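Me: Could you take a close look at the aromatic rings in this one? I'd like to know who pairs with whom, how the rings are tilted, and how open they are to solvent.

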Amino acid sequence: MYFPVSALLIEYLILTIVETQDSYGYEISQTIKLVADIKESTLYPILKKLEKAGFLTTYSQEFQGRKRKYYSITESGKEQIEYLNGEWAVYRDTIDGIVEGRIRR
């Protein structure tokens, strides 16, 4: 992708990914890599931050003989998504308005 992706946008993407289905780090990173060149060393501190903020919880589950750490959305995380959905809509609509020539100052 040509356009840079902010840390806040990555947080938003993580929350929406996990809201749909509990996910583990590698799975989350592969989805985010569709729009951002993110490394695991960048992803895990953001996951930790979201967990510390109370937006995500974790649990371990065995998969093919190894334990995986899964992330799950909390009620607080769902509220954060609702807030970020509104912010994203305003941002996206403003960008579209500028690109389409509807917005000018």
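Reply: Tyr12, Trp88 and Tyr91 group into one aromatic cluster. Bear in mind that this is a predicted model. Two members of that cluster, Trp88 and Tyr91, sit in helix α4 (residues 75-99), 3 residues apart, which is about one turn of the helix. Their ring centres are 5.7 Å apart with the planes at 40 degrees, so this pair counts as tilted; to be edge-to-face, the planes would have to be over 60 degrees apart. As for solvent, Trp88 is partly exposed at 29% relative accessibility, while Tyr91 has a relative accessible area of 51% and counts as exposed. That 51% is just past the cut-off, since exposed means over 50%.

Going by the ring-pair rule, the count is 4 aromatic pairs. Another one to look at is Tyr24 with Tyr70, an edge-to-face pair with 5.6 Å centre to centre and 75 degrees between the planes. Here Tyr24 belongs to strand β1 (residues 23-24) and Tyr70 to strand β3 (residues 66-73), so the pair ties together parts 46 residues apart in sequence. Tyr24 counts as buried at 18% relative accessibility, and Tyr70 is buried too, with a relative accessible area of 12%. For Tyr24 the call rests on the limit for buried, which is under 20%.

Tyr24 also has a charge to deal with: the charged end of Arg68 sits over its ring, 3.8 Å from the centre. Arg68 lies over the face of Phe63 as well, at 3.7 Å from that ring's centre.

If you want some helix packing to go with the rings, try α1 (residues 7-20) against α3 (residues 40-52). Their axes are 10 Å apart and the packing angle is about 70 degrees, so the two helices are roughly perpendicular to each other. On the α1 side the contact comes from Ile10, Glu11, Ile14 and Leu15, and on the α3 side from Leu43, Ile46, Leu47, Lys49 and Leu50. Sorted by class, that contact has 7 nonpolar and 2 charged residues, with no polar ones.

Technical notes. Residues numbered from 1 in each chain as written. Predicted model: local features only at pLDDT ≥ 70, side-chain atom pairs only at ≥ 80, totals over all residues. Heavy atoms only, no water. Axes fitted to C-alpha atoms, helices over the stretch in contact; angles between N-to-C directions. Helix = DSSP H or I, 4+ residues; strand = E, 2+ residues; numbered from the N terminus. Parallel < 35°, antiparallel > 145°, perpendicular 65-115°, else oblique. Contact = heavy atoms within 4.5 Å. Nonpolar A, V, L, I, M, F, W, Y, C, P; charged D, E, K, R; others polar. Phe/Tyr/Trp six-rings, centres within 6.5 Å; stacked < 30°, edge-to-face > 60°. Buried < 20%, exposed > 50% of the residue type's maximum accessible area, 1.4 Å probe, protein only. Lys NZ or Arg CZ within 6 Å of the ring centre and 35° of its normal.
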